[in-house]
Amino acid sequence: MEMPKEGRAIDDVIADLADKRTGDARWQDGRTFGMVYDGGPSVHEVAERAAVMYLHENALNVMAFPSLRSIQSEVVDWTAGLLHGPDTAAGFLTSGGTESIQCAVLAARERGRAERGIRSGEIVVAESAHAAFHKSAHMYDMPIHAAPVSDDWTADVDAMADLVNENTVLVVGSAPQYPQGVVDDIPAIAALAATVDANCHVDACMGGFVLPFVEMLGREVPVWDFRVDGVHSMSADIHKLGYAPKGVSVVLHRTKELRKYQTFLFDQWLGGFYGSPNLQGTRSGLPMACAWAVMQHLGVDGYVELTRTVLDNADRMRAGIAEIDGVRVLGDGQYHLVAMASDPDAAVPVDVFALGDALAKRGWHHDRQGPPDTLHSTVSNTNTGQIDHYLTDLAECVAEVGGSTTDDRSTSYSTVD
Ligand SMILES: *Cc1c(COP(=O)(O)O)cnc(C)c1O
């Protein structure tokens, strides 16, 4: 495969791109439970107009683009407000949840070094914590210890306590964790971190733009954010249920002093003084501007209304699954994540991966995860109007699959190619 020697006409290029997309997930049909979070037509419009304005701008140097400096600080401040950060809270925009987590892990390692003299800082998580913590540990060559979860799928904090030692620099809780959508006991995790003066990070990549609005709707949420005293840092993804296009997340620290541990400053380069807030160098202004525009356009009221719809979608999905013999929902997640597994007590327990294949033939896309084997749904506004169709198809697919199984046991959160 070679790049064309002669350039091609714009229309031809775009037509070929359109052709390439024919096999892609058709999220516009509302049958994709994850990956694309659709805020509706006016959210598309405001994001697309902002994207065109900021397609070429570079946030590497906010001195050259002061608008991006203020976009970043405003979005960070609004997010800190939603997450009940104190007035001292400070953060940065990043390219996504993984980068926000990488920044928080680095900050914990550096604080451990500077303030506690720890040469090889260790991380303690639950097995439900996102793989990005393991990726960070791998990249930074830090030991990481994962404790099992309790029967309700929340982090087993006693088991985590057994893994904490004098080298622990970071203890992690999730609000909610991705696999089953339950919120960990954040006060207990923060208290555990405090026993050795480690950082406590709350991963609200999934919940950061949902739980604040769930609370505003009057539904109870276990206390999960900066209202818990011992929480040092948090991550919240605007490109999930914040409904901005991909490439934007927020990492927050309780104070500027804590934030400084994630930044990199270097003055020994022939290129001059180099300062970097996160893991990127050259940095697109596009997702930052889109996040700003979407948040301004929706406002708190817009997010509350979207969240009402999302909860209604997810509640109906949970209730519908409960009525189908053969499958069940794992855990007591009350929000937007639904984990569907085989019901061992059913007359005919279903192989949910065979079920996933049958659903995929009808256009429904879930992530497959495990252990245990599960079809995972991130329910969002993308699925509005589709849940009843889904439940009808689900019942038919369960009957169709019966006791048959598939040999394909792969789980597919992502692919490496
Ligand atoms: C999505 C997610 C992440 C990682 O975020 P990316 O944007 O995919 O990099 C981390 N933690 C949780 C709980 C998530 O749901």
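**Strand S13 and a surface patch**

Modeller: In this predicted model, S12 and S13 make a hairpin, with four residues between them.

Biologist: What makes S12 and S13 a pair?

Modeller: Three bridges join S12 (residues 367-369) to S13, in the antiparallel sense. Pairing needs at least two bridges, so S12 and S13 count as paired. One contact to look at is Asp-367, whose bridge partner in S13 is His-376.

Biologist: How do you know that S11 pairs with S13?

Modeller: By the bridges again. S11 (residues 337-342) and S13 run antiparallel and share four bridges. The cut-off is at least two, so this is a pair too. Here Met-340 stands opposite Leu-375 of S13.

Biologist: Why is S13 called mostly covered?

Modeller: S13 spans residues 374-378, and five of its five residues are buried. Buried means under 20% relative accessible area.

Biologist: Which residues of S13 point which way?

Modeller: Thr-374, His-376 and Thr-378 point one way. Leu-375 and Ser-377 point the other way. All of these are buried.

Biologist: Now the other site. Why is Ile-10 called exposed?

Modeller: Its relative accessibility is 67%. Exposed means over 50%, so Ile-10 counts as exposed. Ile-10 lies in helix H1 (residues 10-20).

Biologist: What makes Ile-10 part of a nonpolar patch?

Modeller: Patch residues need over 30% relative accessible area, and nonpolar side chains are joined within 5 Å. Ile-10, at 67%, clears that area cut-off. Ile-10 forms the surface patch with Val-13, Ile-14 and Leu-17. Together they have about 380 Å² of accessible area.

Key. Residues numbered from 1 in each chain as written. Predicted model: local features only at pLDDT ≥ 70, side-chain atom pairs only at ≥ 80, totals over all residues. Heavy atoms only, no water. Patch = residues over 30% accessible without salt bridge, like charges linked within 9 Å, V, L, I, M, F, W, Y side chains within 5 Å. Areas by Shrake-Rupley, 256 points an atom, 1.4 Å probe, with all protein chains shown as cover. Salt bridge = Lys/Arg side-chain N within 4 Å of Asp/Glu carboxyl O. Helix = DSSP H or I, 4+ residues; strand = E, 2+ residues; numbered from the N terminus. Buried < 20%, exposed > 50% of the residue type's maximum accessible area, 1.4 Å probe, protein only.
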